[in-house]
Amino acid sequence: MNHWNQVDPLMLHQGENVLRTLLAAGHQAFFVGGCVRDELMGQPVHDLDIATSAKPEEVIALFERTVPTGIQHGTITVLMDKFAYEVTTFRKESEYEDHRHPLSVEFVDAVAEDLRRRDFTMNAIARELDGTLTDPFGGQSDIGRRILRCVGVAEERFDEDALRMMRAVRFASTFGFRPVKSLWAALLAGRDKLSYIAMERVRVELEKMVLGPDPLRGLALLQRSGLLQYAKAALLPKEEASEAEGKDGGRAYDETKVLAWRLLHRNPPRPEWLTALPLLPPDPVLRWSLLLQSLEVPGEEVSRLLKNWTFPNQIAEETAAIVRFDEAWEATKPELLEEQALRRKWIHLQIEFGRDIAQGWLRRQFALLQVSAYGDMTEQEEAERMSVALKWHQEVPVHTLSELAVSGRDVLEISGRSGGPWLGELMKRLLLHVALGELPNERQAILEYVESVVEEDGDKRAD
Ligand code: ATP
Ligand code: MG
């Protein structure tokens, strides 16, 4: 059988062309790693990685468009149309330093030798053009039994590269695989080596885990193993951290440690919030905002915390905005407000935080309703409140100044005054009036309103 069900047909076609070109030049060439694994598991394949006996210079010579992305490790990226294929020369790695980096790589002749350096049996399968598999470590069988197993001796493999422990937790979580005993024992024995790994690499694995279909499984594995407490941004509970501060010559304690500690805590303050996590779309902002709130991280800490964990600034900030939106909404005590007052609050917040944040928050809220995070008594009420909030959300006609039918320049002209902070304030007021439906978004109507306000102000000044 030789067809792929999980690959974009165009990406596959061009990838097969890369293989054909290599084969025609007398080299060996295989699809390897994640793509072979995902196809066997019936999961969508994102990219096709290729392993070949051709040396990097030979790969460069064979293709028109190449990028030497990792030439020192034997990796050349071959570009075809809009697709990119990582083509890596068969290699083995000898001795590692810092529990992460191979001291040297040596090119080898056989694909089986190349598969030996790979981390887990399911990631160590090669596939030829005609569909033939090379699977020296029983990867297919392990996939069938939903088992996660290292290639070779787990202790040694984790000692060579400590990132593999995080990858193990991530794969066990996203695929729902059970780590074999020897892998788990090696992870417990070697967990302190995670301190050698750049935080960014740890964060990437953590992110994939949280965005996967069953993040709670990954969190449970992290809790059981205690692995994360050895991350570079290591962990200490707040009290211990302040003690350590004293001993450590007043070194300010690292907030990232507090996050790790909270992530590892067996009893999160809001466990029912965690259960809503898998119901959210796999969007980092939505999922991390819910995760952090389930750990009771306040909105003002979120952005700094995520940045310390090397999250991109935009994700850190949007995540913090959703948490702050939630806090601001709750602070209005919505259960006590009449509908009209609640509507004003909603629209105020929607203008302040923007449409996307409000919508993200609504998504979360409906996920929470699904898991009844509100308790039976108030659930019905909360559901109704969310339905009207959604209606308001959709009705708001403008969200930003640029959507207003008048510009700052128009307002300045008609007022006959010179610019100043008043202009910005007035524009915001106009936006809010229009958003609330108190003023139509029409040039004439808005300008008339501006004139009346300016006159009033003039009268006041004259008094
Ligand atoms: P993903 O679906 O996240 O891309 P992947 O298995 O493809 O998962 P990559 O980081 O793309 O992960 O790596 C491609 C392949 O390279 C893996 O399947 C594995 O064979 C090998 N590999 C990656 N990282 C390591 C590592 N730290 N140690 C050993 N082999 C690795
Ligand atoms: Mg991959």
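1. R146 is partly exposed, with 45% relative accessible area. Here buried stands for under 20% relative accessible area, exposed for over 50%, and partly exposed for what lies in between, with a 1.4 Å probe and protein chains only. The phi angle of R146 is near 55 degrees, a positive value in a residue other than glycine. R146 sits in the loop between α5 (139-144) and β10 (147-148). Helices (H or I, at least four residues) and strands (E, at least two) are DSSP runs numbered from the N terminus.

2. On the basis of the note: this is a predicted model, in which local features need pLDDT of at least 70 and side-chain atom pairs count only at pLDDT 80 or more, while totals for chains, interfaces and linings use all residues. Residues are numbered from 1 along each chain as its sequence is written, chains are lettered from A and ligands numbered from 1 in the order in which they are written, and side-chain values use heavy atoms, with hydrogens and water left out.

3. Two further positive phi values deserve a look. T310 has phi near 70 degrees, again a positive value in a residue other than glycine. T310 belongs to the loop between α15 (299-308) and α16 (313-331), and with a relative accessibility of 27% T310 is partly exposed. E296, just after α14, has a positive phi of about 60 degrees.

4. Helix α14 itself (residues 284-294) is mostly covered, with eleven of its eleven residues buried. Among them are the charged residue R287 and the polar residues S289, Q293 and S294. The buried set also includes P284, V285, L286, W288, L290, L291 and L292.

5. The protein chain divides into domain 1 (9-137), domain 2 (270-396) and domain 3 (401-462). These bounds come from an automatic or database domain assignment. The centres of domain 1 and domain 2, taken over C-alpha atoms, are 43 Å apart.

6. The strands β1 (residues 29-32) and β2 (residues 49-52) form an antiparallel pair with four bridges. Strands are taken to pair if DSSP finds at least two bridges between them. A29 has T52 of β2 as its bridge partner. Strand β2 is also joined by four bridges to β5 (residues 83-89), and these two run parallel. Within β5, T88 stands opposite A51.

7. The model contains 23 salt bridges, each defined as a side-chain nitrogen of Lys or Arg within 4 Å of a carboxyl oxygen of Asp or Glu. One of them joins D119 and R167, whose closest N and O atoms are 2.6 Å apart. D119 lies in the loop between α4 (111-116) and β8 (126-127) and R167 in helix α7 (residues 163-175), so this salt bridge ties together parts that are 48 residues apart in sequence. D119 is buried at 8% relative accessible area, whereas R167 is partly exposed at 22%.

8. D159 and K193 also form a salt bridge, at 3.7 Å from N to O. This pair links distant parts of the chain, with D159 in helix α6 (residues 154-160) and K193 in the loop between α8 (181-190) and α9 (199-211), 34 residues apart. D159 is partly exposed, its relative accessibility being 37%.

9. Which residue forms a salt bridge with R203? The partner is E207, and the closest N and O atoms are 2.9 Å apart. The two residues are four apart in helix α9, so about one helical turn separates R203 and E207. R203 is buried, with a relative accessible area of 8%, and E207 is buried as well, with 13%. Elsewhere, salt bridges that share partners join R100, R157, E160, D161 and R164 into one network.

10. Ligand 1 has 15 residues around it, of which R37, D161, R164, R170 and K208 come nearest. A residue is near a molecule or strand if one of its heavy atoms lies within 4 Å of it. An N or O atom in the side chain of R37 is 2.8 Å from an oxygen atom of ligand 1. For K208 the corresponding distance to an oxygen atom of the ligand is 2.9 Å, and for a polar side-chain atom of R118 it is 3.1 Å. Taken alone, ligand 1 exposes 590 Å², and the protein buries 77% of that. These areas come from the Shrake-Rupley method with a 1.4 Å probe; for residues, only the protein chains shown count as cover.

Conventions: A polar contact is a pair of N or O atoms within 3.5 Å; within protein, one must be able to donate a hydrogen and the other to accept it, and residues adjacent in sequence count only if both atoms are side-chain atoms.
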